[in-house]
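Colleague: Could you take one part of this protein and go through it closely with me, setting it in the context of the whole chain?

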Amino acid sequence: MPDGPGGGAPGSGTGRAAAPPVTVPAVTEWVMEMRDPGALRSAPPPETPMTFSRALRPSPDVSRALYAAVGARVCWTDRFGWTHDDWLAWVERPELGVWLALADGTLAGFFEIEAQPGGDTEIHLVGLTPAFVGSGNGGHLVAECVRRAWERGRTWAEHTGAATRVWLRTSTLDHPNALANYRRRGFDVAGETTFAKTVPDPRYAPWPLPEDPRVERRARAVLVDGTREQELIR
Ligand SMILES: CC(C)(COP(=O)(O)OP(=O)(O)OC[C@H]1O[C@@H](n2cnc3c(N)ncnc32)[C@H](O)[C@@H]1OP(=O)(O)O)[C@@H](O)C(=O)NCCC(=O)NCCS
């Protein structure tokens, strides 16, 4: 899933050594679309019941954490160059909806969808956390995501009109089950392109924060020393 504009230096912000970027010579990317809500095919219910809750408090930190937990293993790296402000500006838009999936009391997955002008609703990100991949949970997650995508203008992004098309992009970098899952849910392929893509190392991804937390800690340490000094003087 190409996950948005950007790109960034591997390992920047982590202080750790990331491996150099790798160029994948032939990434095939598909545009998938569904033009009729009746085309959505539900999936068998997951073994462990999954509950979904819309994140009503947009959080760059939570979204960034989910992006890493779900996407690092499938090379979601397009947002590595985003600053904390970029994430904030992205998530606090009223036309963006983020849902969290819980199962067994654990964060099992999430999805991020956007009500775009003219009725298009884009699924930007959808996926399971690693412990829930490969056991029949993905069909249900995507079905619940698509159901909500069609509800745009009614249950979320109320200021926008109804959805006329639900769409997304997926690629050979995504999990091998992704394309089959979209087809099983009722999506059609609307486009296909193949290109080379240079992928930064997702293992030590940057973790943008609004400010450097070490600065305050350093000031606090000096204060403690200063206090001790004053106590000694007294
Ligand atoms: C993509 C993802 C949600 C799929 O979930 P999963 O647990 O791996 O897949 P599931 O076992 O639930 O299978 C999903 C569906 O695809 C079908 N499927 C899986 N592999 C298949 C194959 N080789 N051929 C045909 N169908 C297949 C399954 O039958 C199932 O359909 P059903 O629910 O109607 O039975 C999950 O792998 C994931 O989140 N990966 C990490 C993030 C990611 O890649 N996201 C996709 C971004 S576009």
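Modeller: What follows is a close look at helix 1, with a short word on the protein around it.

This is a predicted model, in which local features need pLDDT of at least 70 and side-chain atom pairs count only at pLDDT 80 or more, while totals for chains, interfaces and linings use all residues. Residues are numbered from 1 along each chain as its sequence is written.

The protein has five helices and seven strands, where helices (H or I, at least four residues) and strands (E, at least two) are DSSP runs numbered from the N terminus. Along the sequence these follow the pattern β-β-α-α-β-β-β-α-β-α-β-α.

Helix 1 covers residues 60-71, and its twelve residues should span 16 Å at 1.5 Å a residue, which agrees with the 16 Å between its end C-alpha atoms; the expected span is 1.5 Å times one less than the number of residues.

Within helix 1, P60, S63, R64, L66, Y67, V70 and G71 are buried, meaning that 20 or more other C-beta atoms, placed from the backbone, lie within 10 Å of a residue's own. Because they cover an arc of only 160 degrees around the axis, they lie on the same side of helix 1, the arc being that of the directions from the helix axis to the C-beta atoms. In general, an α-helix has 3.6 residues a turn, so residues three or four places apart point the same way.

The cover over the buried residues of helix 1 includes helix 2 (84-91), strand 3 (96-103), strand 4 (106-115) and strand 5. Across the protein, 30% of the 234 residues count as buried.

Definitions and conventions:
A residue is buried if 20 or more other C-beta atoms lie within 10 Å of its own, exposed if 12 or fewer, and partly exposed in between; C-beta atoms are placed from the backbone. Two residues are in contact if their C-beta atoms, placed from the backbone, lie within 7 Å.
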